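User: I'd like to get better at reading a model by eye. Could you walk me through a few features, giving the idea and then the case at hand?

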Amino acid sequence: MISTPHPRTLLLTPGPLTTSEATRAALGRDWGSRDDDFIALTARLRTRLTALAGGAGTHETVLLAGSGTFAVEAALGTLVPRDGRALVLVNGAYGRRMVEMLRRMGRDHVALEWDEDRPVDPDAVERALLADPAITDVAVVQCETTSGLLNPVERIADVVRRQGRRLLVDAMSAFGALPIDASRLGLCAVMASSNKGLEGVPGISFVVAERAHLARCAGNAHSLSLDLHAQAEGFRGNGQWRFTPPVQVAAALDAALDQLEAEGGIAARGARYAALHRMLVDGMEALGFRCFLPPDLQAPIIVTFRDPGPPFDFAALYARLQAEGIVLYPGKLTREPSFRIGCIGAIDEADMRRVLDAIARAARSA
Ligand SMILES: *Cc1c(COP(=O)(O)O)cnc(C)c1O
């Protein structure tokens, strides 16, 4: 039997994502958590991530071990005062997850909800803030990965600033791919992780927090391990993580950030994803599939396609593509069957061609 080398696995999901060889190569070394070079690497990561969030001078990055959800929970628990009230803007599963976190930590909160194909409406946010002066903090998801929708963060930030409240942004799936300007927008916090648009391996999440507010949050966190104030003090003090750092993951993230810089930064990466997104949508529409969102609401991150129904069978398509090393993602909409295909990660147009060809072959033989 002739064995052909297995082609590279392509993860067209919201994470973990396809990583480059250089990023994976950076995993291959052991580091002591107190080594000078690891402390320097940690400091470098913090500086670079703060700059990517547009927060140099006003913000600082607090790194955590864990998936992205850990950073969101740490941010809400540390930065929303115990006697505060949070307003969560919900148009998908990640917004709902923030409501659930606040409920579990017993923080006072209210939610404003929209359908999964509707963006957050800044005017409605302003009305809610005017009507309820007790609201101290607002939380929103930048790109709602549930559908792939991009919320108007700038306009929401304008409203929240005008009304004198704080804004926390779950920027997870768009960080590194779409610009965000924490200083200019006066954001209280930007939460993201190593394994989405930054194209690192999974295992680190982080909060880029406004320094002045973070300094006021000593003792506020509901959790020891998710206390951003305490971890920030640690980084500023001895430069170390309070608990075992994911050292290889940190080294891989540093390597991934080198590659982001070499690619030309967020603008260039966003342009690559936008081209892949265009190619994906055109290719799928040519095969007869339809996008869930209208083009003006869609971010170039992940696309939700409507399940056309029988004879189409997503489970069969998923299994066929998986056998070829291509991973798609089930839908997450509450209201209708769907599936998702991502256009982020260390992939290029040849990879997207391979994906579209595999889907076309599967569709023909169905
Ligand atoms: C991926 C993602 C998260 C975090 O998910 P984890 O599975 O914990 O990494 C949070 N918010 C959004 C918008 C995401 O896309």
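Analyst: Here is a tour of strands, helices, the ligand shell and some backbone oddities. Keep in mind that this is a predicted model.

User: Let's begin with strands. How is strand β3 joined to strand β4, parallel or antiparallel?

Analyst: The general idea: strands of a sheet pair through backbone hydrogen bonds, either parallel or antiparallel. Here β3 (residues 86–90) and β4 (residues 109–113) run parallel, joined by five bridges. If you want a place to look, V88 stands opposite A111 in β4. To get from β3 to β4, the chain goes through helix α4 (residues 93–104), and this β-α-β crossover is right-handed.

User: And what is the order of strands in the open sheet with antiparallel pairing?

Analyst: That one has three strands, in the order β11-β14-β13. The edges are β11 (302–306) and β13 (329–330), each pairing on one side only. Between β11 and β14 (residues 338–342) there are five bridges in the antiparallel sense, and I302 stands opposite G342 in β14.

User: Which residues of β10 point one way and which the other way?

Analyst: In a regular strand the side chains alternate between the two faces of the sheet. In β10, I204, F206, V208 and E210 point one way, while S205, V207 and A209 point the other way. Both sets are buried. Since seven of the seven residues of β10 (residues 204–210) are buried, the strand is largely enclosed by the rest of the structure.

User: Which strands pair with β10?

Analyst: β2 (residues 59–65) pairs with β10 in the antiparallel sense over seven bridges, with A65 and I204 as bridge partners. β9 (residues 189–193) also pairs with β10 in the antiparallel sense, over five bridges. There, S193 stands opposite S205.

User: On to helices. How does the span of α3 check out at 1.5 Å a residue?

Analyst: Compare the expected span with the distance between the end C-alpha atoms. The 12 residues of α3 should span 16 Å, and the end C-alpha atoms are 17 Å apart, which agrees.

User: How many residues of α3 are buried?

Analyst: 11 of the 12, so α3 is largely enclosed by the rest of the structure. Among the buried ones are G68, F70, E73 and L79.

User: Pick one residue there. Why does A75 count as buried?

Analyst: The cut-off to remember is 20 or more other C-beta atoms within 10 Å. A75 has 32 of them within 10 Å, so A75 is buried. This residue sits in α3 (residues 68–79). Beyond its neighbours within four places in sequence, A75 is in contact with L168, A189, M191, V207 and L228. Contacts like these tie back to the strands: V207 is one of the residues of β10 we just went through. For a long-range pair, take A75 and H229, 154 residues apart along the chain, with C-alpha atoms separated by 9.8 Å.

User: What does a partly exposed residue such as T47 look like?

Analyst: T47 lies in helix α2 (residues 36–52). With 13 other C-beta atoms within 10 Å, T47 is partly exposed. T47 and I266 are 219 residues apart in sequence, and 16 Å apart in space, C-alpha to C-alpha.

User: Now the ligand. Which residues come nearest to the ligand?

Analyst: There are 13 residues around the ligand, and S67, G68, T69, T145 and M172 come nearest. Helix α3 gives the largest share of the shell, three residues. By type, the shell divides into five nonpolar, seven polar and one charged.

User: Last stop, backbone oddities. Which peptide bonds are cis?

Analyst: The baseline is that most residues other than glycine have a negative phi, and most peptide bonds are trans. Among the departures, the bond from G15 to P16 is cis, with omega near -5 degrees. P16 is in the loop between β1 (10–11) and α1 (21–25). The bond from P310 to P311 is cis as well, with omega near 5 degrees, and P311 lies in the loop between β11 and α12 (314–323).

User: And what is the phi of E199?

Analyst: Near 65 degrees, a positive value in a residue other than glycine. E199 is in the loop between β9 and β10. Despite the loop setting, E199 counts as buried, with 27 C-beta neighbours inside 10 Å.

Conventions:
Residues numbered from 1 in each chain as written. Predicted model: local features only at pLDDT ≥ 70, side-chain atom pairs only at ≥ 80, totals over all residues. Pairing = 2+ DSSP bridges. Helix = DSSP H or I, 4+ residues; strand = E, 2+ residues; numbered from the N terminus. Right-handed = clockwise from strand over helix to strand, strands pointing away. Contact = placed C-beta atoms within 7 Å. Near = placed C-beta within 6 Å. Nonpolar A, V, L, I, M, F, W, Y, C, P; charged D, E, K, R; others polar. Expected span 1.5 Å × (residues − 1).
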